[in-house]
Amino acid sequence: MRIGIIGAGRVGCSIGKYLNVAGIPVTGYYSKSVESAQEAAHFTGTMVFDNIRDIVSASDTLFIATPDDRIVEVWDCIAENSIQNKIICHFSGSLSSVVFSGIEETGASGCSIHPMLAFNNRFSSYKQLNNALFTIEGMDKAVSSIKNMFEDMGNKVFTMKSEEKVRYHAAASVVSNQMIALYQIGIDSLVQCGFCTEDAEVLVAPLVSGNVNAFLKSGSKSALTGPVERNDIHTVEKHLRVLSGDDREIYRLLAKRLVNIAEDKNRNRDYSGMRRILEKEG
């Protein structure tokens with residue numbers, strides 16, 4: 001397998017280095033930004049290609065690691081070349097392999113693969129890929145080849161249906177990005193209480209890490225604590241009174257979901273009163 005990478009940002013650079021360290025042949029990089037391609041090639045000890053035609057010719061597998069809104073454009077350029085028996089793969093979390101329109105007629109095979117990992121740095125995120133989980137969907141030949149490659153490198157790879165890709169990505173966004181928004185709501189509330197931001201962050205750190213670790217170890221039911229789980233209606237009512245606007249609505253909606261978990265955890269506890277006050281605020 002000889003893999004050419006189109007796109008030299010955080011994902012492309014990280015994947016290329018990860019493959020390179022594992023001994024998987026990477027032919028090199030093509031990018032609209034020549035400087036980015038040169039940096040990525042230097043980092044991975046590979047080549048820089050001046051155009052898509054040359055990287056297609058030099059590779060039997062092509063990884064498209066561009067922003068989502070450029071994947072179709074890149075695919076259209078790739079499809080202008082002879083790509084019979086080649087594998088075309090992109091790394092978008094939200095787009096499926098369906099974006100490779102007409103790929104059957106080219107004789108190539110397409111898939112999308114997505115690592116459940118936040119790529120924060122072009123030159124260090126590859127170190128986290130050893131423990132990354134991947135999801136993959138697409139045509140059988142491409143899925144089998146790419147899945148086997150990453151599994152041979154030690155990664156767990158889950159297959160999924162193409163039509164579920166957007167829902168999957170929404171789920172990933174909730175547990176990754178939107179958790180940051182919840183964290184910030186708490187920090188902002190503590191600042192309103194008179195804490196400086198730095199002290200507020202120190203104050204909540206044990207809560208955040210403790211809850212995340214408990215959830216990862218035992219699941220949501222075992223990790224759940226707090227006033228909703230205790231069925232402490234008066235405390236929840238007081239919380240709702242001091243919150244306003246979007247913050248109160250977010251609290252209310254999330255508390256309703258917590259009631260579902262609490263009811264499953266505490267089968268003999270009556271949460272009807274808690275449900276009423278949360279519905280009343282809607």
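**View 1. Strand 2, a strand wrapped up by its surroundings.** In this predicted model, five of the five residues of strand 2 are buried, so the strand is largely enclosed by the rest of the structure. Strand 2 covers residues 26-30 and pairs with strand 1, residues 3-6. The two run in the parallel sense and share four bridges. If you'd like to pick out the partners by eye, start with I3 of strand 1, whose bridge partner in strand 2 is V26. Then look at I5, which is matched in strand 2 with Y29.

**View 2. Helix 1 against the sheet.** Helix 1 takes in residues 10-21 and packs on the sheet, where it touches strand 1, strand 2 and strand 4 (61-64). The helix direction makes about 170° with that of strand 2. Put strand 1, helix 1 and strand 2 together and you've got a β-α-β unit, a right-handed one.

**View 3. From strand 2 over to strand 3.** After strand 2, the chain goes through helix 2 (residues 34-44) on its way to strand 3. That β-α-β crossover is right-handed. Strand 2 and strand 3 pair in the parallel sense, here over two bridges. To find the spot, look for G28, which sits opposite M47 of strand 3.

**View 4. The whole sheet and its edges.** Stepping back, the sheet is an open one with eight strands, and the order across it reads 3-2-1-4-5-6-7-8. Its pairing is mixed. Which strands stand at the edges? They are strand 3 (47-48) and strand 8 (156-159). Each has a single partner strand, so one side of each is left without a neighbour in the sheet.

**View 5. Cysteines without a bond.** How many disulfides does a search of the whole structure find? The count is zero. Take C77 as one case: the nearest cysteine sulfur belongs to C89 and lies 18 Å away, and C77 is in no disulfide. As for solvent, C77 is partly exposed, and its relative accessible area is 30%. Now swing over to C196, where the closest cysteine sulfur is the one in C193. The gap between those sulfurs is 13 Å, which is too far for a bond, given that a disulfide here needs two cysteine sulfur atoms within 2.5 Å. C196 is also partly exposed, with a relative accessible area of 35%.

Conventions. Residues numbered from 1 in each chain as written. Predicted model: local features only at pLDDT ≥ 70, side-chain atom pairs only at ≥ 80, totals over all residues. Heavy atoms only, no water. Pairing = 2+ DSSP bridges. Contact = heavy atoms within 4.5 Å. Axes fitted to C-alpha atoms, helices over the stretch in contact; angles between N-to-C directions. Buried < 20%, exposed > 50% of the residue type's maximum accessible area, 1.4 Å probe, protein only. Right-handed = clockwise from strand over helix to strand, strands pointing away.
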